Amino acid sequence: MNNPNLEALGWDAWFAGQASAHCEPPSSVARVAAVDRDQLLLLGESGAFKARLAGKFLHETVSGARLPCVGDWVCVEKSPAGQLGLLHGVLVRKTSLRRRAAGEASDVQMIAANVDVVIVVQSCHYDFNLNRLERYLVMARDGGATPCVLLTKTDLVEPAVVVAQVAQIRKAGIDVPVLTLSNVTGDGIVDLQGVLEPGKTYCFVGSSGVGKSTLINALLGREVLETRVVSGTGEGRHTTVRRELIVLPNGAMVIDNPGMREFGVLGAGGGIEASYADITARAAECHFRDCTHTSEPGCAVLQAVESGEIESEHYENFLRLRTESEYHELSYAQKRQRDKDFGRFIKSVKKDLGED
Ligand SMILES: Nc1nc2c(ncn2[C@@H]2O[C@H](COP(=O)(O)OP(=O)(O)OP(=O)(O)O)[C@@H](O)[C@H]2O)c(=O)[nH]1
Ligand SMILES: [Mg+2]
Ligand SMILES: [Zn+2]
């Protein structure tokens, strides 16, 4: 299934394999650029068009995580007039960026799908925080994407501060690429541009106000996204309210996101193991195979923390995220059980009523 227009949007043999089984003419495939409740903006082989979810698809989709999100490849049927498409299905995601939704501990919220690289953005100026950075890295790796760190607003701090922050990142055992830039002076933007490859998808995440939308506008060379107006009153307000996939002039795709304040990690997808590779590697030498690295004799991880080889803050963050993800797994299993129990209950009632 060769189609240069789709390939420019990230389409490849892997998706084509799925589409041949699940998406037959007159339907075709397209990529989700934006979602607004049941309306979607799609990018297809002949450009952008709108679509909505087919009633049957909505009816059969119980979990919110299975609804289309930005970056998804979907199967859509265009109306004869070619205007509004009807979405029939979502192709299996290659990667997914997800978080635990606020509120109910067991709800998974999709941020974006089929992202190649997650760019975790922090500002050098008042926003830099290692613990939060590690959370983002776990989240990125958990869904299978490659993470990268970007420090913005280098114009607001002394160069030595930036150097110290990068050193802190390295000292915590984080070995992903780290880029630094200023949207004001333009320093470092060329380096970022050198990283962005055509046909690949990059998702920018980070707190509100770190300059994600300003940067994407700079990459686009024009003001497409709304950014915060410089004034004291806008503090704490989120400027970007919608996720959006944008194709850059060089063919790379970027996804802008609203700022995230607090989010829960899921961790079940191996994000914690990958983000704490130094700890995982050490754990192989623990005396007990099921060592929890908290109090066991012969624990190689504890030894490395004591000797200073592993930063204690890094280790404590590891324990915290592990507990959090275990708790989530537990509550998710409980929720599933509750749903199952309820299903059985309904069945037995129906039986009693002679309906089954
Ligand atoms: N000094 C300085 N200011 C910047 C830089 N990048 C962005 N800003 C300013 O920071 C403010 C916030 O920028 P935005 O691009 O709206 O931030 P955002 O990350 O998109 O924020 P949300 O959409 O709320 O998540 C704006 O006033 C920008 O002009 C930078 O590199 N240096
Ligand atoms: Mg923004
Ligand atoms: Zn151990």
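1. Start with two residues to find on screen: H293 and C299 are both buried. Keep in mind as you look around that this is a predicted model.

2. What do those two residues hold? H293, through its ND1 atom, and C299, through its SG atom, help coordinate the zinc ion (ligand 3). The SG atoms of C286 and C291 complete the set, and the distances run from 2.1 to 2.4 Å. If you scroll along the chain, you'll see the donors spaced as C-x4-C-x1-H-x5-C.

3. Now for the geometry of that zinc site. The angles among the 4 donor atoms of the zinc ion (ligand 3) are 101 to 115 degrees, and the site is tetrahedral. As a yardstick, the ideal angle for four tetrahedral donors is 109.5 degrees.

4. Next, have a look at ligand 1. It has 23 residues around it, and the ones that come nearest are D155, N183, S208, T214 and T240. Sort that shell by class and you get 14 polar, 5 nonpolar and 4 charged residues.

5. Which atoms reach the oxygens of ligand 1? T214 puts a polar side-chain atom 2.5 Å from an oxygen atom of the ligand, and T240 does likewise at 2.7 Å. G211 uses its backbone instead, with an N or O atom 3.0 Å from a ligand oxygen. On its own, ligand 1 would expose 660 Å², and the protein buries 90% of that.

6. Last stop: the aromatic rings. Counting ring pairs gives 5 in this model. Take W11 and F15: their ring centres are 6.0 Å apart and their planes sit at 20 degrees, so this pair is stacked. Both W11 and F15 are buried.

7. W11 also pairs with W73. Why is this pair called edge-to-face? The ring planes of W11 and W73 are at 65 degrees, with centres 4.8 Å apart, and planes over 60 degrees apart count as edge-to-face.

Terms used:
Residues are numbered from 1 along each chain as its sequence is written. Chains are lettered from A and ligands numbered from 1 in the order in which they are written. This is a predicted model: local features need pLDDT of at least 70, side-chain atom pairs count only at pLDDT 80 or more; totals for chains, interfaces and linings use all residues. Side-chain values use heavy atoms; hydrogens and water are left out. A residue is near a molecule or strand if one of its heavy atoms lies within 4 Å of it. A polar contact is a pair of N or O atoms within 3.5 Å; within protein, one must be able to donate a hydrogen and the other to accept it, and residues adjacent in sequence count only if both atoms are side-chain atoms. Accessible areas come from the Shrake-Rupley method with a 1.4 Å probe; for residues, only the protein chains shown count as cover. Ala, Val, Leu, Ile, Met, Phe, Trp, Tyr, Cys and Pro count as nonpolar, Asp, Glu, Lys and Arg as charged, and the others, Gly among them, as polar. Donors are N, O and S atoms within 2.8 Å of the metal (3.2 Å for Na, K and Ca); water is not among the atoms, so sites may look incomplete. Four donors count as tetrahedral if all angles lie between 85 and 135 degrees; four count as square planar and six as octahedral if opposite donors are over 155 degrees apart and all others between 65 and 115; anything else is irregular. Buried means under 20% relative accessible area, exposed over 50%, partly exposed in between (1.4 Å probe, protein chains only). Rings of Phe, Tyr and Trp (its six-membered ring) pair if their centres lie within 6.5 Å; planes under 30 degrees apart count as stacked, over 60 as edge-to-face and the rest as tilted.
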